[in-house]
Amino acid sequence: MNPFEQISLHIKRAAERCDLTDAEVDTILKPQNPLAKTISVTTESGKVDYPAYRIQFNNARGPYKGGIRFHPQADQREVTALAAAMAIKCAVVDIPFGGAKGGVSIDPKKLTEKELEAIARAYVSAFAADLGPDIDIPAPDVYTTPQIMSWMLDEYEKITGKSQPGFITGKPVSLFGSKGRDIATALGAVFVFLEYCKVNNLDIKETTTAIHGFGNAGGVVAKLLHERGCKIIAVSDSSGTIYKESGLDPIPLLQLKAEGKSVIDLKDNEAKVLLSGAVLELECDLLVPAALDNVITDKNVEKVKAKIILELANNPTTPEAEKFLINNGVDVLPDVLVNAGGVIVSYFEWVQNREQYYWEESLVFERLERLICVAFRDVHQQKANHNSYREAAYEIGVKRIAKAMRLRGRFNS
Ligand code: NAD
């Protein structure tokens, strides 16, 4: 199944439980405004064309919202699946946005900073008529950074001739991004896990965790879980896994990553080095996929020993693998809830930009905790009617989108 087929399956199953008609489901599954353009940039080797996308999936609940990724595999199908997931995610955590996603099919590692800036500006210029703080608000995603958001903001303001900081989120704090945005995704996931512990009478200090991926999301989640007393027994990056039964301290590992090294470069006689994928198969309470999509599949799921999966990455578990896990009593806490902290704080950034009044970090975190814990409790309550947290989350998301569509009369035509 390709990523859009996977998400369509989740939406269709949820729609059946919400008693939507086939025609209503088809309306929800059809991206409202899929945009594809070619952007041209002059590089050292001459003029180069790149395919670029902005898929505006649904705006029944508010302006379109979603990141822009720069990646060689960013194609229309992948970007559409991610746009649909954004619509569901915003609805699950009940923030007033629809869903969108953008992408440019490039390998940013092969580009100079000047070329990246030219591509960022060309992207905004190509899609400017369809973007804006009340229309569609972009943000960072894979290989796009606060610096790239700054160039994009500048280009948009040049085109429109006015200051519009709410055009884009994920900006540096010195350009009026939100305090706390850098750790929001990981912190949101930790709040979800703490709430899960509460309803299941689990003591976080007695849990062991393995983390697949040690980048922006995985590295920070390791630190935050460790600070709360959870034992981190293993983490991995693309070079391998570092495993220590008595527990790892994330700080020296973060230091290694900051120096451009791998987690397996840790000097610790008690720690063992394993293959990257081995982290997924270790004996532990909590497994956090925080790297790539489709890493828990029918090929390795029988070897997964964790009791809880906290999906920090987007789409890390295939539907077949999830079915196997659930049948074996494993709780899979889904991406559309777990990694929503990033878009929640993006929402706060947009609110602050519109108010032109800026919040302390402690207020950002307090409001993040409140929103994501309410969302967890809604999903947990809904799960009483299901086997699965994902089904419960999708049912809530689809129901909220369908309600907005119905109120607007969009199911009538
Ligand atoms: P990142 O590029 O900072 O980190 C990815 C990590 O995965 C790196 O440590 C890399 O070495 C590791 N990795 C790559 N291939 C691997 C492999 N084969 N085995 C093990 N590790 C491997 O990316 P990120 O921002 O941390 O994003 C990770 C995931 O989280 C993605 O699915 C992303 O969509 C999702 N996510 C991130 C955010 C965010 O705010 N950063 C928000 C929502 C969702």
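Which residue has a polar backbone atom 3.1 Å from an oxygen atom of the ligand? That residue is Ser-238. The structure here is a predicted model, where local features need pLDDT of at least 70, side-chain atom pairs count only at pLDDT 80 or more, and totals for chains, interfaces and linings use all residues. Residues are numbered from 1 along each chain as its sequence is written, and side-chain values use heavy atoms, with hydrogens and water left out.

Ser-238 isn't alone in its polar contact (a pair of N or O atoms within 3.5 Å). Asn-216 brings a backbone N or O atom to 2.9 Å from a ligand oxygen, and His-212 puts a polar side-chain atom 3.2 Å from a ligand nitrogen. On its own, the ligand has 820 Å² of accessible area, and the protein covers 72% of that (Shrake-Rupley method, 1.4 Å probe).

Now for the wider shell, counting residues with a heavy atom within 4 Å of the ligand. There are 18 residues around the ligand, and those that come nearest are Thr-185, Phe-214, Asn-216, Ala-217 and Asn-314. The shell splits into seven nonpolar, ten polar and one charged residues, with Asp, Glu, Lys and Arg counted as charged, Ala, Val, Leu, Ile, Met, Phe, Trp, Tyr, Cys and Pro as nonpolar, and the others, including Gly, as polar. Helix H7 (216-227) and strand S7 (231-237) each supply at least two shell residues; helices are DSSP runs of H or I with at least four residues, strands runs of E with at least two, numbered from the N terminus.

H7 also packs against helix H8 (residues 250-258), at an angle of about 160 degrees and with the axes 9 Å apart. Axes are lines fitted to C-alpha atoms, for helices over the stretch in contact, and angles run from 0 to 180 degrees between N-to-C directions. H7 and H8 are therefore roughly antiparallel (angles over 145 degrees).

Definitions and conventions:
A polar contact is a pair of N or O atoms within 3.5 Å; within protein, one must be able to donate a hydrogen and the other to accept it, and residues adjacent in sequence count only if both atoms are side-chain atoms. Angles under 35 degrees count as roughly parallel, over 145 as roughly antiparallel, 65 to 115 as roughly perpendicular and the rest as oblique.
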